[in-house]
Amino acid sequence: MARVAVLKGGRSLERQVSLRSGARVEDALERLGHEPMSIDVGADLVERLRAERPDVAFVALHGQFGEDGTVQELLEVVGVPYTASGVSACIRCADKVLAKHAMRDAGIPTPDFYAFNETAFKELGAAGALPEIEERLEFPIVVKPASQGSALGIKFARTAADIPTALVAAFSYGDKVLLERYVAGRDLAVSVLERNGGPEALPVVEAVPHGEDFYDFEARYDIGRTEFVCPAQLPDDAAERARALALEAYRLFGCYGFARVDVMMDADTDELFVLEVNAIPGLTDTSLLPQAAEAAGIGFDEVVARLIELALARTAPA
Ligand SMILES: Nc1ncnc2c1ncn2[C@@H]1O[C@H](COP(=O)(O)OP(=O)(O)O)[C@@H](O)[C@H]1O
Ligand SMILES: [Mg+2]
């Protein structure tokens, strides 16, 4: 039995998802015989960790501060072992620009891109480079903030006229944006979970949009407009390739415990491209990692138990 601080909520835009992830983790911890205590992450985080002295922390936070290494850094300082990836993996996964450079350097396919911060536009005339970028990436072009999740701030620009508003939208979420080549194809997610001594890629989940209006890109991400299929029905060896690629990305970033790798499959060529690695995937009852685990015969409680075990193991002497 361990006293487990469940870190949830927080200030990120994904607060609501995190509260649901956290609540579900607490239920699982109770069933496993642990003693959960909720911490809604705020200004008193360090103080509460010092006061409560939990054996371990379960990080059920998504997005800024929870998934980007900030909370992990504080946990390191206070000396509380915690679930999932460490500080450096979190930092590298949370910044899409950094992550995409790392993948490109390592030969992991990711859609072509160019990235700028706001200063480049305000002080270096980056707007003047847009025509070349548009020519190289070809429309539609995906414009997204470097650090967000849940499709927040993502716009699909169909023409040059859409780019300025898309940039403004993306900059409203943060200082760095990327313009990325659009992959027309299937939207896949590969969850990775460490079991029996090593990371294992779980069955692939496909997000299938319905109410098919191909040009209404944003509607694809509205709740209820997307159906999740697991295991995804993919041609030939595509599932195997997707799982191998996910493991490669997981290892590249040095993730720990679990992660979810978002992948696009080109509809014409079946080529796979990694979009991003989520260091703390959603854990709600509609989230993809729990669904994938279920499809592999791994119940939610087992996922939680495994993460706690790994968290406690990371501090044990080698
Ligand atoms: N280059 C792209 N081509 C096609 N679809 C994309 C592309 N980038 C993002 N998307 C769509 O937007 C979703 C969210 O993008 P992603 O990069 O995973 O950011 P987030 O952190 O918001 O999940 C993807 O699951 C995919 O459906
Ligand atoms: Mg994603």
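The protein exposes about 14200 Å² of surface, and carbon and sulfur atoms supply 51% of that area. The model is predicted. Of its 318 residues, 51% are buried.

The overall dimensions fit a globule. The radius of gyration is 20 Å, which agrees with the value near 20 Å that a compact globule of 318 residues would have. Taken along the principal axes, the C-alpha atoms fill a box of roughly 60 × 50 × 40 Å. Contacts over long sequence distances are frequent: among contacts between residues at least 6 apart in sequence, 68% join residues at least 24 apart.

The secondary structure consists of eleven helices and 13 strands. Strand E7 (residues 176-181) pairs with strand E4 (residues 113-117) and also with strand E5 (residues 141-145). The two pairings are set out below.

| Strand paired with E7 | Bridges | Direction | A residue pair |
|---|---|---|---|
| E4 (residues 113-117) | five | antiparallel | Asn117 with Lys176 |
| E5 (residues 141-145) | five | antiparallel | Lys144 with Leu178 |

The magnesium ion (ligand 2) has two protein donors, Asp262 through OD and Glu276 through OE, lying 2.0 Å from the ion. This pair links distant parts of the chain, 14 residues apart: Asp262 belongs to strand E12 (residues 258-266), and Glu276 to strand E13 (residues 272-278). Both Asp262 and Glu276 are buried.

Note on methods. Residues are numbered from 1 along each chain as its sequence is written. Chains are lettered from A and ligands numbered from 1 in the order in which they are written. This is a predicted model: local features need pLDDT of at least 70, side-chain atom pairs count only at pLDDT 80 or more; totals for chains, interfaces and linings use all residues. Side-chain values use heavy atoms; hydrogens and water are left out. Donors are N, O and S atoms within 2.8 Å of the metal (3.2 Å for Na, K and Ca); water is not among the atoms, so sites may look incomplete. Helices (H or I, at least four residues) and strands (E, at least two) are DSSP runs, numbered from the N terminus. Buried means under 20% relative accessible area, exposed over 50%, partly exposed in between (1.4 Å probe, protein chains only). Two strands pair if DSSP finds at least two bridges between them. The radius of gyration is taken over C-alpha atoms; the globule rule is 2.2 Å times the number of residues to the power 0.38. Contact means heavy atoms within 4.5 Å. Accessible areas come from the Shrake-Rupley method with a 1.4 Å probe; for residues, only the protein chains shown count as cover.
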